[in-house]
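Colleague: Hi! Could you walk me through this one before I set anything up?
Modeller: Happy to, let me pull it up.

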Protein chains: 2
Amino acid sequence: LKKPNALVIQSGGPTAVINRTLTGLLSGFRSQKSIGHIYGASHGIHGLLNEELIDLGSLSIEMIHAIGHTPGAALGSARLKPRPEDLDRVFEVLAAHSINYLFYIGGNDSAEAAQLIRQAANDKKHDLVIFHLPKTIDNDLVITDHCPGYGSAAKVCASILLGDDLDNKSFYNGIKINVCMGRHAGWLAASTALAKHCLKNEDSEECGPHLIYLPECKFTEEQFLHDVQTTYDRIGRATIVVAEGIAERLKFVGEKDEFGNSQLSGSAKLGEYLEKLVQKNIKVKTELGKLRTRADTWGYMQRSFPLVVSETDFSEAYTIGQAGLRYALQGETDKSLVLIREQTAEYKCHVQLVDLSHLAQKTKTMPNEMINTRGNGVTNLFIEYARPLVGELPYLTDLGRLPLKKKKLSAYVRK
Amino acid sequence: LKKPNALVIQSGGPTAVINRTLTGLLSGFRSQKSIGHIYGASHGIHGLLNEELIDLGSLSIEMIHAIGHTPGAALGSARLKPRPEDLDRVFEVLAAHSINYLFYIGGNDSAEAAQLIRQAANDKKHDLVIFHLPKTIDNDLVITDHCPGYGSAAKVCASILLGDDLDNKSFYNGIKINVCMGRHAGWLAASTALAKHCLKNEDSEECGPHLIYLPECKFTEEQFLHDVQTTYDRIGRATIVVAEGIAERLKFVGEKDEFGNSQLSGSAKLGEYLEKLVQKNIKVKTELGKLRTRADTWGYMQRSFPLVVSETDFSEAYTIGQAGLRYALQGETDKSLVLIREQTAEYKCHVQLVDLSHLAQKTKTMPNEMINTRGNGVTNLFIEYARPLVGELPYLTDLGRLPLKKKKLSAYVRK
């Protein structure tokens, strides 16, 4: 009797550890006997529709190990929603290659696609074991404590902000705006708050980020300008983080994909808009020069930076891949995997099964208890939540306050 | 007899290791007997004009060590050119605090400022030992083999590009434009070429960056589009790096500082302009979806990322600080320091003195032999030059080509 084969799909935006989930899955493949071959679809649904498949069974252990350290989707990814006619083709290809196991590594759009394939399999009476293996830097899947991919992206964001705030602080009168990823949920923007705890010799009110704007909260230009002015009046500068999703409040809408998501990343409009707003409205108090405003939009490095990976994330992404194969071989199907945080002093999570139907088309935003009352920052509850996911951050210092006593010179006003 | 005091100034754009030069200087301070106190100017010339000085003599060894690991200018920086009336004030403050040693950590604008202070000291017959200690991520100081600060920024840029190209490659039809720092010189943009050598299982023609545009070369839209189309036709995608200085060719000019430099960083206009050009003009060959164009402008993280520092750079920045103090105590003055690469198999540099007047208002651009004949990439000579400065980069892999034999299915065209 010929054994059925398995297919792995990577879908949606890659993460720094999406390939670790793939290699976790592959790691268990050699020691099982139920599945014949294991294939990968080249560029997600594209590869399935066009019969562009890759044989993953021939990879050496060294190669599997190395792939796990590599960001980007090793199989290639896509952002396509399967249409009814696509689903007919999907099963033509699955049948032609005797594929009865499907592993879909992705976020909530991928869970939705997996659901559509599940329903079509039922209609077509195609025997199919299907698993959704979670990954998303957005951390917006429901039920799970957090998502593989988030910890590493959060570590990149917190590290960028830490350096950026020190850079901004180097100059007088600096208002720096940073736009980070996060369409509907502010988890990534919030993670920059960890940078506040990386400096010795500084109270955390002095350290950036001073203001964080999350898609979960109301955003008005008046409130934003009031917050910036207050921060500037207090410490003479401000380092600000804005989730890209705020652009939708301000009616910036770009290209849309087939799931109806507009393209926000790769556009610097939001940062530039807020920078102009600051330039026009903030009242400068010092005579030492004009306001120095800058805006950076962090872009794709947030999810692809190869040198800054959270160890927890790296390890959990692998565990998810291993568990996916194990559960599939145990006869489970139509499931996704979630991470459940244990109530222990030291951070620990275990994997649990959840019905696929519980994830599709749902988004987990930040709960109110993790957002401060003014809606421009996070609470300690968030810091405690995020710290173990991100892991070690650099512990730096600054000079603190060592002012030399002034001699009795007249004041100097530079013209 | 009261001993003269010393003052340290940090000026211009900070780097990841500018504070290492400060701590190298401080490290030798305890064991010398010629200088009484060592002060820092708060925010460069600002602090000198306003008598905002910091006493650096009281820092503990642990603190000095920690400061050396911290990006940003620990003393604060400025971008002001001293005017004649400023110079009068500078010497009022220097005299009031008995300062006869001045160390100016900065790039070529700082060398120019140091020169102006030197001339004023001569006019005023103020006994002054003055040293310029080089730092700039732009790597554009003359005479020296390279500049402290460059290796770490280059490591950040090469790492971002490495991950970014893998991210871009994850999707079909991806044209990704990355704008990196570099106004007059392409050293940083060029450094991204090191990413080409970080992937196993790939020939370097397949790896990004596929095209690099340097301020040293002519830039025309026709040539750019021709290059992108050729790359796209060959491999179905393109990862492109553009130095921000190209904006000046296209008449994007922002705010200017007092040295006449226009503000290019923190503006995403160049990337967006080139992205639109690509969207309008590139002919797409595949039916698998429309062109996916994205543009990122990397911004300030290039010079401030705390976790990605070149070890060579980290070490040399310290050496420069140590040498500056040592030469000043030996009676040298009006000097800057340069790094001379030795003709050994293993990379090695030593420090040499050079007259201050040789650096001001001069810029070292990339020599022709380091740029390819088409003016859209670098030669091996550059790779050999840059590799030891940047140090270790991640060595990753991709799946290579493992296509599964197709069954005899009809072709599928998605509408």
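Colleague: Let's start with B:Phe131. Is that ring buried or exposed?
Modeller: B:Phe131 counts as buried, at 0% relative accessibility. Keep in mind that this is a predicted model.

Colleague: And B:Phe103, what's its relative accessible area?
Modeller: That's 1%, so B:Phe103 is buried, the cut-off being under 20%.

Colleague: What sort of aromatic pair do B:Phe103 and B:Phe131 form?
Modeller: A tilted one: the centres are 6.2 Å apart and the planes make 35 degrees. B:Phe103 sits in strand E4 (residues 99-106) of chain B and B:Phe131 in strand E5 (residues 129-134) of chain B, so the pair ties together parts 28 residues apart in sequence.

Colleague: How many aromatic pairs are there over all chains?
Modeller: The structure holds 15. Another tilted one is A:Phe219 with A:Phe224, at 5.6 Å centre to centre and 45 degrees between the planes. A:Phe219 is buried with a relative accessible area of 10%, and A:Phe224 is buried too, at 0%.

Colleague: Okay, new topic. Which residues have the most contacts inside the largest nonpolar core?
Modeller: A:Leu188, A:Met366 and A:Phe382, along with B:Leu188, B:Met366 and B:Phe382, in a core of 92 residues. Both chains feed it: helix H6 (150-169), helix H7 (187-191), strand E9 (238-243) and helix H13 (380-390) each supply at least two residues, in chain A and in chain B.

Colleague: What does B:Phe382 touch?
Modeller: Leaving out residues up to four places away in sequence, B:Phe382 touches B:Tyr150, B:Trp187, B:Ala190, B:Ser191, B:Met366 and B:Met370. Over in chain A, A:Phe382 forms one aromatic cluster with A:Trp187 and A:Tyr385.

Colleague: So how can chain A be laid on chain B?
Modeller: By a turn of 180 degrees and a shift of 0.0 Å along the axis, with an RMSD of 0.0 Å. That is the relation of a two-fold axis. The same surface serves both copies, and 100% of the contact residues of chain A recur in chain B.

Colleague: Last thing, in what order do the strands of the open sheet in chain A run?
Modeller: E8-E9-E6-E10, 4 strands with parallel pairing. Strand E8 (211-213) and strand E10 (292-297) of chain A are at the edges with a single partner strand each, so one side of each has no neighbour in the sheet. On average, neighbouring strands are turned by 15 degrees against each other, direction ignored.

Colleague: How many bridges join E8(A) and E9(A)?
Modeller: They pair over 3 bridges, and A:Leu211 stands opposite A:Ile240 in E9(A).

Definitions and conventions. Residues are numbered from 1 along each chain as its sequence is written. Chains are lettered from A and ligands numbered from 1 in the order in which they are written. This is a predicted model: local features need pLDDT of at least 70, side-chain atom pairs count only at pLDDT 80 or more; totals for chains, interfaces and linings use all residues. Side-chain values use heavy atoms; hydrogens and water are left out. A nonpolar core is a set of buried Ala, Val, Leu, Ile, Met, Phe, Trp, Tyr and Cys residues joined through side-chain atoms within 4.5 Å. Buried means under 20% relative accessible area, exposed over 50%, partly exposed in between (1.4 Å probe, protein chains only). Contact means heavy atoms within 4.5 Å. Copies are superposed by least squares on the C-alpha atoms of residues with pLDDT of at least 70 in both. Two strands pair if DSSP finds at least two bridges between them. Axes are lines fitted to C-alpha atoms, for helices over the stretch in contact, and angles run from 0 to 180 degrees between N-to-C directions. Rings of Phe, Tyr and Trp (its six-membered ring) pair if their centres lie within 6.5 Å; planes under 30 degrees apart count as stacked, over 60 as edge-to-face and the rest as tilted.
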